[in-house]
Amino acid sequence: MPMIPHSRPTLGPEEIRAVADVLRSGQVAEGPAVAQFERGMAAYFGLRGGVAVASGTVALEVALRALGVAHGDNVILPSYVCSAPWLAVQRVGAQARIVDIDPVTYNLDPQKVRKARTSRTRAVIVPHLFGLPADLTSLQSLGIPLIEDCAQTLGATEQGRAVGTVGLLTVCSFYATKLLCTGEGGMVLSNDEVLLERARALREYDQAPSLNAAAFNCKMTDLQAALGTVQLNQLGTFLERRASLAAVYRETLPTDIFTLPAVPSGRTHCYYRFVVRLPKGLQSPDELTTYLSRVAHRGVQCRKPVFRPLHRYLELPDFQASDEVDGTAISLPIHPSMTEDEVRLVAQILREELR
């Protein structure tokens, strides 16, 4: 039986045609297709502008530099996240203050952010994990500049506000398996033209009026951007398909065994990932790994949602929620090209392998 992959880009004739058109034009580096994609993304969020860059990690670094974050400053971010936010903070010379999460939503715990705040805190990086918005209302009330990390969440809302429209800066990732993809790529978006102009000055150094030691070449190409514009035009359809597949998971996975994704009041979920918690008694790393191997042997590729929480890399104590989630959460296959029958088969195999 063919493997049901954990994630997969959704690409078709329109994407192939758009990339071929760029190749025929001869303009394969940054050019008009990048500008069109930037305008499209800014319009999607309803923001003033966007600056396309080479990756989501670069977008985080550019956002921090645009805010003026530097040596001596600190930036708050969650432990339960990939290493990209921490790497971006290191690259600008600031100190990362790692905090625990809300184990129900997997997002930043605003109370932990409040306690971690110091006089040197310049920003909070707010990843909206797995498709669910973080508690933006509580985080915004702290009065610290927010950098919304929308790498995993587009189109979802918190108290009626779309993610990416609340923070001072928003970053996106367009990696191959993201909600919309350009292969690799990212973007910084904002309503603040001064911040946008700083970001533009950081992504390239050619023909600058003065030398900027922080500037480098991290541009997106027209080949990538043409792909991105086609994907953006289909994003609504992609999100509808993910919601439909998530509904099938909710119908078929028994809630007395699996803890399904929470959607707190006032928030919507776009299901970049469908992350479930396994029952107690299957919590050791070896047991979890063995379970994932058994499921894979039957043709279903599930994964740990986060490879390793940051506090474990850094050997920091007292991250109870992140540890609890890390020991019990798995991410199930969900992508627009899946069928409902495949979702039901995944649910069946997950149940059977727990017996």
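Q: What makes both faces of strand 9 count as covered?
A: Gly186, Val188 and Ser190 are buried on one side, and Met187 and Leu189 are buried on the other. Buried means under 20% relative accessible area, exposed means over 50%, and partly exposed lies in between (1.4 Å probe, protein chains only). Five of the five residues in strand 9 (residues 186-190) are buried. The two sides make sense because side chains in a regular strand alternate between the faces of the sheet.

Q: How do you know which values to take into account here?
A: This is a predicted model, in which local features need pLDDT of at least 70 and side-chain atom pairs count only at pLDDT 80 or more, while totals for chains, interfaces and linings use all residues. Residues are numbered from 1 along each chain as its sequence is written, and side-chain values use heavy atoms, leaving out hydrogens and water.

Q: Which strands pair with strand 9, and how do you know that they pair?
A: Two strands pair if DSSP finds at least two bridges between them. Strand 1 (residues 49-53) shares five bridges with strand 9 in the antiparallel sense, and strand 8 (residues 169-173) shares four, also antiparallel. Both therefore pass the cut-off of at least two bridges. Leu189 of strand 9 stands opposite Gly50 and also opposite Thr170.

Q: In which sense does strand 4 pair with strand 2 and strand 5?
A: Strand 4 (residues 121-127) and strand 2 (residues 74-78) are parallel, with three bridges, and Val75 stands opposite Ala123. Strand 5 (residues 146-149) runs parallel to strand 4 as well, joined by four bridges, with Val124 opposite Leu146. Six of the seven residues in strand 4 are buried.

Q: Why is 13-25 called a helix, and what is its span?
A: DSSP runs of H or I with at least four residues are helices and runs of E with at least two are strands, numbered from the N terminus; helix 1 has 13 residues, so it qualifies. The expected span is 1.5 Å times one less than the number of residues. Helix 1 reaches 18 Å from its first C-alpha to its last, close to the 18 Å expected.

Q: How do you know where the buried residues of helix 1 lie around its axis?
A: They are Glu15, Ala18 and Val22. Seen down the axis, they fall within an arc of 65 degrees, so they line one face; the arc is that of the directions from the helix axis to the C-beta atoms. The face turned away carries the exposed residues Pro13, Ile16, Leu23 and Arg24.

Q: What makes Tyr44 and Phe45 an aromatic pair, and of which kind?
A: Rings of Phe, Tyr and Trp (its six-membered ring) pair if their centres lie within 6.5 Å; planes under 30 degrees apart count as stacked, over 60 as edge-to-face and the rest as tilted. Here the centres are 5.6 Å apart and the planes lie at 80 degrees, so the pair is edge-to-face.

Q: Are Tyr44 and Phe45 buried, partly exposed or exposed?
A: Tyr44 has 35% relative accessibility, so it counts as partly exposed, whereas Phe45, at 8%, counts as buried.
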